[in-house]
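Here's a quick briefing to read with the structure open beside it. Have a look at the model first, then work through the points below.

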Amino acid sequence: PNEYVLEFQKCLDSTEALEWKVIKGVIEKELGGKSINSVFESIDENPLASASIAQVHSAKLKTGEDVVIKVQKPQIDESLKA
């Protein structure tokens, strides 16, 4: 039904990005408490994209490789289960 399509479309559209300190905390938690600087040479604090579930940041690993990090927004699991 069309009303479902319209509602689900909201999940795909761009959303406001979370503050860097929130995203940094999520990344460090996923790294097992390691600091970002122990793995990454740099991370762009400004996201390339932000959606309802996650946002994406460009980064460079200590090995010199350019990568993109997809960071799931906090508490999204609870939102999806509701």
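Read from the N terminus, this protein runs α-α-β-β-β-β-α, which gives three helices and four strands. Keep in mind that you're looking at a predicted model. The points below start with overall numbers, move on to how the strands pair, and then zoom in on a few side chains.

**Overall numbers**

- The protein has 82 residues, and buried ones make up 21% of them.
- The exposed surface comes to about 6100 Å², with carbon and sulfur atoms supplying 53% of that area.
- Take the contacts with a sequence separation of 6 or more: 33% of them link residues 24 or more positions apart.

**How the strands pair**

- Strand β3 covers residues 54-61 and pairs with β4 in the antiparallel sense, over seven bridges.
- One bridge in that pairing puts Gln55 across from Val71 in β4.
- The β3 and β4 strands make a hairpin with four residues between them, and Gly64 in that turn has a positive phi of about 100 degrees.
- β3 also runs antiparallel to β1, to which three bridges join it; here Phe40 sits opposite Leu61 of β3.
- β2 and β3 are antiparallel too, joined by two bridges, with Ala49 opposite Val56 of β3.
- A hairpin takes the chain from β2 to β3 through three residues.
- As a general reminder for reading these strands, side chains in a regular strand alternate between the two faces of the sheet.

**His57, inside β3**

- Is His57 buried or exposed? It counts as buried, because its relative accessibility is 0% and the cut-off for buried is under 20%.
- His57 belongs to strand β3, and a polar atom of its side chain lies 2.8 Å from the backbone oxygen of Asp44.
- The His57 side chain also makes a polar contact with the side chain of Gln55, at 3.1 Å.
- Leaving out residues up to four places away in sequence, His57 touches a long list of neighbours, including Trp20, Ile23, Ile43, Leu48, Val67, Ile69 and Val71.
- Asn46 is among the residues that His57 touches, and Asn46 sits in the loop between β1 (40-43) and β2 (49-50).
- Asn46 counts as exposed because its relative accessible area is 56%, and exposed means over 50%.
- Asn46 and Trp20 are 26 residues apart in sequence, yet their C-alpha atoms are 7.7 Å apart in space.

**Lys73, a buried lysine**

- Where does Lys73 sit? Look in the loop between β4 (66-72) and α3 (76-81).
- Lys73 is buried but has no salt bridge.
- Glu16 has the nearest side chain of opposite charge to Lys73, and it is 9.0 Å away; a salt bridge would need a nitrogen-to-oxygen distance within 4 Å, so this pair doesn't qualify.
- What the Lys73 side chain does reach is backbone: a polar atom of it lies 2.7 Å from the backbone oxygen of Ala51.
- The backbone oxygen of Glu16 is also reached by the Lys73 side chain, at 3.5 Å.
- Not counting residues up to four places away in sequence, Lys73 touches Thr15, Glu16, Leu18, Ser50, Ala51, Ser52, Ile53, Ala54 and Gln55.

**Salt bridges**

- How many salt bridges are there? The count comes to two.
- One of them joins the side chains of Glu19 and Lys21, at 3.9 Å from N to O, and both of these residues are exposed.
- In the Asp66 and Lys60 salt bridge, the N to O distance is 3.3 Å.
- Asp66 counts as exposed because its relative accessibility is 62%.
- Lys60 counts as partly exposed because its relative accessibility is 30%, which falls between the 20% and 50% cut-offs.

Notes:
Residues numbered from 1 in each chain as written. Predicted model: local features only at pLDDT ≥ 70, side-chain atom pairs only at ≥ 80, totals over all residues. Heavy atoms only, no water. Buried < 20%, exposed > 50% of the residue type's maximum accessible area, 1.4 Å probe, protein only. Lys, Arg positive; Asp, Glu negative; His and termini not counted. Polar contact = N/O pair within 3.5 Å; in protein donor to acceptor, adjacent residues only side chain to side chain. Contact = heavy atoms within 4.5 Å. Areas by Shrake-Rupley, 256 points an atom, 1.4 Å probe, with all protein chains shown as cover. Pairing = 2+ DSSP bridges.
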